[in-house]
Amino acid sequence: MQREDLVRLRRARDRMDRDFAEPLDVPSLAAEALMSPGHFHRMFREAYGETPYQHLMTRRIERAASLLRHGDVSVTDACMAVGCTSLGSFSSRFTELMGVTPSQFRASSHEGAASIPSCVAKEAERPRGRSGSEKRVEDARA
């Protein structure tokens, strides 16, 4: 991969990290990277080991987890605040990445909030979802 391609991919990834709550799609991100949508998708996956959608959803879930951990925010409000439009898709992805439903996460965060420093809680609760290729490798080993 050429350096110029990496710079353009990084620009698109930085936009996802910064503007995660905005409606972002592959065609607009690809245009920012000066690539066709298909080429952008392939190059992004090659460079970062995940699809643009997986990266964006991970950022959104991280932010939602922070809102649920620190605020008096409902799951629906957290979902909408991070740019998700489907509560069902949000809850499924949250559960996949965090290992618990958003409601369970919110309840457990409030129960032990005073006893765990926030920096420790943030690292312990960081999304650790597996990509599709990691799942296929583990399934093949089983």
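This is a short tour of a predicted model, stop by stop.

**Whole chain**

Start with everything shown as cartoon. The chain has 9 helices and 0 strands. From the N terminus on, each element in the run is α, through to the ninth. Now colour by burial. Of the 142 residues, 36% are buried. Switch to the surface: the chain exposes about 8300 Å², and carbon and sulfur atoms supply 51% of that area. Then turn on contacts. Among those with a separation of 6 or more, 60% join residues 24 or more positions apart.

**Stop 1: α1 against α3**

Select residues 3-18, which form α1, and residues 37-48, which form α3. At what angle do these two helices pack? The angle is about 90°, and the axes are 10 Å apart. An angle of 65 to 115 degrees counts as roughly perpendicular, so α1 and α3 are roughly perpendicular to each other.

Show side chains next. On the α1 side, pick Asp5, Leu6, Leu9, Arg10, Ala12, Arg13 and Met16. They meet Phe40, Met43, Phe44, Ala47 and Tyr48 of α3. The residues of the contact of α1 with α3 divide into 9 nonpolar, no polar and 3 charged.

**Stop 2: two loop residues**

Move to the loop between α1 and α2 and select Pro23. Is Pro23 buried or exposed? Exposed counts as over 50% relative accessible area, and Pro23 has 73%, so Pro23 is exposed. Add Cys84 to the selection. Pro23 and Cys84 are 61 residues apart along the chain, yet 8.4 Å separates their C-alpha atoms.

Go on past α2 (26-32) to the loop that leads to α3, and select Leu34 there. Check its backbone: Leu34 has a positive phi of about 60°, although Leu34 is not a glycine. Leu34 is exposed too, with a relative accessible area of 64%.

**Stop 3: the largest nonpolar core**

Hide the surface and look inside. The largest nonpolar core has 29 residues. Which residues have the most contacts inside it? Select Phe40, Ile61, Val82, Phe90 and Phe94. The elements that give two or more residues to this core are α1, α2, α3, α4 (52-70), α5 (75-81) and α6 (87-98). The largest share comes from α4, with 7 residues.

Centre on Val82. Leave aside its neighbours within four places in sequence. Val82 is then in contact with Phe20, Ala21, Arg60, Arg63, Ala64, Leu67 and Phe90.

**Stop 4: Met57**

Select Met57 in helix α4. Met57 is buried, with a relative accessible area of 3%. Beyond neighbours within four places in sequence, Met57 is in contact with Cys84, Arg93 and Leu97. Cys84 is also the partner picked for Pro23 in the C-alpha distance above. Now add Met16, a residue of α1 from the first stop. The C-alpha atoms of Met57 and Met16 are separated by 9.4 Å, with their positions 41 residues apart along the chain.

**Stop 5: α4 against α6**

Keep α4 and add α6. These two helices pack at an angle of about 85°, with their axes 10 Å apart. They are therefore roughly perpendicular to each other.

Which residues of α4 meet α6? Select Gln54, Met57, Thr58, Ile61, Ala64, Ala65 and Leu68. Their partners in α6 are Phe90, Arg93, Phe94, Leu97 and Met98. The residues of the contact of α4 with α6 divide into 9 nonpolar, 2 polar and 1 charged. Finish on Ile61, Phe90 and Phe94, which are among the core residues with the most contacts.

Technical notes. Residues are numbered from 1 along each chain as its sequence is written. This is a predicted model: local features need pLDDT of at least 70, side-chain atom pairs count only at pLDDT 80 or more; totals for chains, interfaces and linings use all residues. Side-chain values use heavy atoms; hydrogens and water are left out. Helices (H or I, at least four residues) and strands (E, at least two) are DSSP runs, numbered from the N terminus. Buried means under 20% relative accessible area, exposed over 50%, partly exposed in between (1.4 Å probe, protein chains only). Contact means heavy atoms within 4.5 Å. Accessible areas come from the Shrake-Rupley method with a 1.4 Å probe; for residues, only the protein chains shown count as cover. Axes are lines fitted to C-alpha atoms, for helices over the stretch in contact, and angles run from 0 to 180 degrees between N-to-C directions. Angles under 35 degrees count as roughly parallel, over 145 as roughly antiparallel, 65 to 115 as roughly perpendicular and the rest as oblique. Ala, Val, Leu, Ile, Met, Phe, Trp, Tyr, Cys and Pro count as nonpolar, Asp, Glu, Lys and Arg as charged, and the others, Gly among them, as polar. A nonpolar core is a set of buried Ala, Val, Leu, Ile, Met, Phe, Trp, Tyr and Cys residues joined through side-chain atoms within 4.5 Å.
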